[in-house]
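Thanks, everyone, for making the time. I would like to take you through one chain this morning, beginning with the overall picture and then settling on a single strand.

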Amino acid sequence: MDAADISADLEHVLRTADQIDARVAELAALIDADYAGRRPVLVGVLNGAMIVMSDLCRAMHCHVEVDWMAVSSYGSGTRSSGVVRILKDLTVDVAGRDVLIVEDIIDTGLTLSYLVHNIATRGAASVRVATMFRKPEALNAPVEADYVGFDLPDEFVVGYGLDYAGRYRNLRDLATLAPHVYR
Ligand code: XMP
Ligand code: MG
């Protein structure tokens, strides 16, 4: 397998790796300024947030702790239902802590809404959200992201941590898939 194998499956590159890197640096600067003098717990939502977490936390200069949750949304097909099962819970006790949830993408926002409430219930001092990508429907969601990398059209995207059937997470760009992949 060489690099041509993965790019042959793509239709449009919506954001290049360079554009994403530049935007991550901007978000990191905003977050650093907002959390100055504090030590937030960055909570990544597995598996999609693995790439943005590793880039974002290294672009930041304030002290952080990093932790992870894995959740699965019950629902039919690819739609979120908002009923969430925790597959991997936090290791850090977030009571009294400033928590920043780090997401790859927000679509309906139902998963995120569950997570924000769940973490708030544990007594976190504050709960904010950073997401690299946001789809149009997220604007109707019950929770808002505090830091957003890019707003996207309502298309299924892969790369930069996002997958289709487990693949394409390692693509550095963000892209749509060619129709032949779905057949
Ligand atoms: P909700 O709808 O609860 O779900 O905001 C967000 C989760 O849905 C997944 N998702 C995508 N995954 N390409 C993907 O690879 C997409 O275009 C896409 N849209 C939503 C993703 O897991 C996200 O955390
Ligand atoms: Mg996800």
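What follows is a short walk through this fold, and please keep in mind throughout that we are looking at a predicted model.

Let me begin with the whole chain, whose secondary structure comes to 5 helices and 9 strands, arranged along the sequence in the pattern α-β-α-β-α-β-β-β-α-β-β-β-β-α. The radius of gyration is 16 Å, close to the 16 Å that the globule rule gives for 183 residues, so the chain is as compact as a globular protein of that length. If you prefer to think in terms of a box, the C-alpha atoms fill one of roughly 50 × 35 × 30 Å along the principal axes. Of the contacts with a separation of 6 or more, 67% are made by residues 24 or more positions apart, and 34% of the 183 residues count as buried.

Now to the strand I wanted to dwell on, which is β5, covering residues 98-106. Is β5 mostly covered or mostly open? It is mostly covered, with 8 of its 9 residues buried.

Which strands does β5 pair with? One is β2, residues 41-46, which runs parallel to β5 and is joined to it by 4 bridges, with V43 having I101 as its bridge partner. Another is β6, residues 126-134, which pairs with β5 in the parallel sense over 8 bridges, and there I106 stands opposite R134. Between β5 and β6 the chain passes through helix α4, residues 110-121, in a β-α-β crossover that is right-handed.

How values were computed:
Residues are numbered from 1 along each chain as its sequence is written. Chains are lettered from A and ligands numbered from 1 in the order in which they are written. This is a predicted model: local features need pLDDT of at least 70, side-chain atom pairs count only at pLDDT 80 or more; totals for chains, interfaces and linings use all residues. A residue is buried if 20 or more other C-beta atoms lie within 10 Å of its own, exposed if 12 or fewer, and partly exposed in between; C-beta atoms are placed from the backbone. Helices (H or I, at least four residues) and strands (E, at least two) are DSSP runs, numbered from the N terminus. Two strands pair if DSSP finds at least two bridges between them. A crossover is right-handed if, with the strands pointing away from the viewer, the path from the first strand over the helix to the second runs clockwise. The radius of gyration is taken over C-alpha atoms; the globule rule is 2.2 Å times the number of residues to the power 0.38. Two residues are in contact if their C-beta atoms, placed from the backbone, lie within 7 Å.
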